[in-house]
Amino acid sequence: MAADRVAVALLVLGYGVTPAGLTPGSLARVRAAISYVEAGGRPSRIIFSGGWAQVRDGAAEPPPACREATLMLEAAREAGLGEVAELRAECRSRSTLENLLHIQADGLLDGLDLGPSRPLGVVTHAWHLPRVRYLAGKVLGLRGEALLGIPAAGSPPLDEYGIRAASRIGFLGVRDPQELLRRERRMVALLRRGV
């Protein structure tokens, strides 16, 4: 970890939850946050974000205590991260875009004075980081050195590169949160129809 690039806060994005608990991808992201702290990172706040992506497929939403961010936060608390940083959870989101929109709307990054010398650490898989960086610029206004990628171990799903390209095209020129959500829903509907 470079001494001049230390995250003042971490944003840990979920990667799935099942009725049995967190997916291996979500656990890998929690482990990456733990490793970052164990390597000397001292964020003042760690935010876990993820709800229940399967609601898009018609699955009933789980009780609040069984949502992705809550389960990730509990795993981090069990590992002792609550002794290092304030832990928070955003549990309503169903996508990366919604993660960022809800974090912004809920004020979970308020008071952190984020920027190039005080970056936000984004904990996700390396293949997911380009899309997160793009969306964080649109939603949070954080770009370049204001974001510090903290990659989790794991291989990309086959559709990630297509999703990344669709996001760049579909969100081109848009910053309004409601319009971003409308466009995302249209893209998901088109993908489901196989268009």
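This report walks through a predicted model of one protein chain, from its overall layout to its sheet, helices and cores.

## The chain at a glance

Let's begin with the overall picture. The secondary structure of the chain comes to 6 helices and 7 strands. If you follow the chain from the N terminus, the elements come in the order β-β-β-α-β-α-β-α-β-α-β-α-α.

The chain has 195 residues, and 51% of them count as buried. Contacts between distant parts of the sequence are well represented: among contacts with a separation of 6 or more, 73% involve residues 24 or more positions apart.

## A sheet of five strands

Now look for the sheet. It is an open sheet of 5 strands in the order β5-β4-β1-β6-β7, and the pairing is parallel. The edge strands are β5 (86-90) and β7, each of which pairs on one side only. On average, neighbouring strands of this sheet are turned by 20° against each other, direction ignored.

You can trace the pairing strand by strand. Strand β4 (residues 45-49) runs parallel to β5, and 5 bridges join them. One place to look is I46, whose bridge partner in β5 is L87. Further along the sheet, strand β1 (residues 9-13) pairs with β6 in the parallel sense over 4 bridges. Here V12 has V123 of β6 as its bridge partner.

## Strand β6 and the route to β7

How many of the residues of strand β6 (residues 120-125) are buried? The count is 6 of 6, so the strand is mostly covered. Besides its pairing with β1, β6 also pairs in the parallel sense with strand β7 (residues 147-152), over 6 bridges. In this pairing, G121 stands opposite L148 in β7. To get from β6 to β7, the chain passes through helix α4 (residues 129-139), and this β-α-β crossover is right-handed.

## Helices on the sheet

Two helices that pack on the sheet are worth finding. After strands β4 and β5, which are joined by 5 bridges, turn to helix α2 (residues 68-78): this helix touches β1, β4 and β5, and its direction makes about 160° with that of β5. Helix α4 packs on the sheet as well, touching β1, β6 and β7, and its direction makes about 150° with that of β7.

## Two enclosed helices, α3 and α4

Is helix α3 (residues 96-105) largely enclosed or largely open? Because 8 of its 10 residues are buried, α3 is largely enclosed by the rest of the structure. The buried residues are T96, L97, E98, N99, L100, L101, H102 and I103. After α3 comes G107, with a positive phi near 70°.

Helix α4 follows similar reasoning: 9 of its 11 residues are buried, so α4 is largely enclosed by the rest of the structure. Among the buried residues of α4 are L129, R131, Y134 and K138. Just after this helix, G141 takes a positive phi of about 75°.

The axes of α3 and α4 come within 10 Å and cross at roughly 35°, and this crossing is right-handed. On the α3 side, T96, L97, L100, L101 and Q104 make the contact, and on the α4 side R131, V132, L135, A136 and V139 do.

## Nonpolar cores

In soluble globular proteins, nonpolar side chains tend to be buried together. The largest nonpolar core here has 28 residues, of which L97, L120 and L140 touch the most other members. Elements that give two or more residues to this core are β1, α3, β6, α4 and α6 (177-193). The largest share, 6 residues, comes from α4.

Zoom in on L120. Leaving aside neighbours within four places in sequence, its contacts include A7, A9, L109, L140 and L148. There is also a second, separate core of 27 residues, which includes L10, L73, L81 and I150.

## A closer look at S49

Finally, visit S49, which lies in strand β4. Is S49 buried or exposed? Its relative accessible area is 0%, so S49 is buried. Not counting residues up to four places away in sequence, S49 touches residues including L11, V12, L13, A69, M72, E90, N99 and I103.

How values were computed: Residues are numbered from 1 along each chain as its sequence is written. This is a predicted model: local features need pLDDT of at least 70, side-chain atom pairs count only at pLDDT 80 or more; totals for chains, interfaces and linings use all residues. Side-chain values use heavy atoms; hydrogens and water are left out. Buried means under 20% relative accessible area, exposed over 50%, partly exposed in between (1.4 Å probe, protein chains only). Two strands pair if DSSP finds at least two bridges between them. A crossover is right-handed if, with the strands pointing away from the viewer, the path from the first strand over the helix to the second runs clockwise. A nonpolar core is a set of buried Ala, Val, Leu, Ile, Met, Phe, Trp, Tyr and Cys residues joined through side-chain atoms within 4.5 Å. Contact means heavy atoms within 4.5 Å. Axes are lines fitted to C-alpha atoms, for helices over the stretch in contact, and angles run from 0 to 180 degrees between N-to-C directions. A crossing is left-handed if the near helix is turned anticlockwise from the far one by less than a right angle, and right-handed if clockwise.
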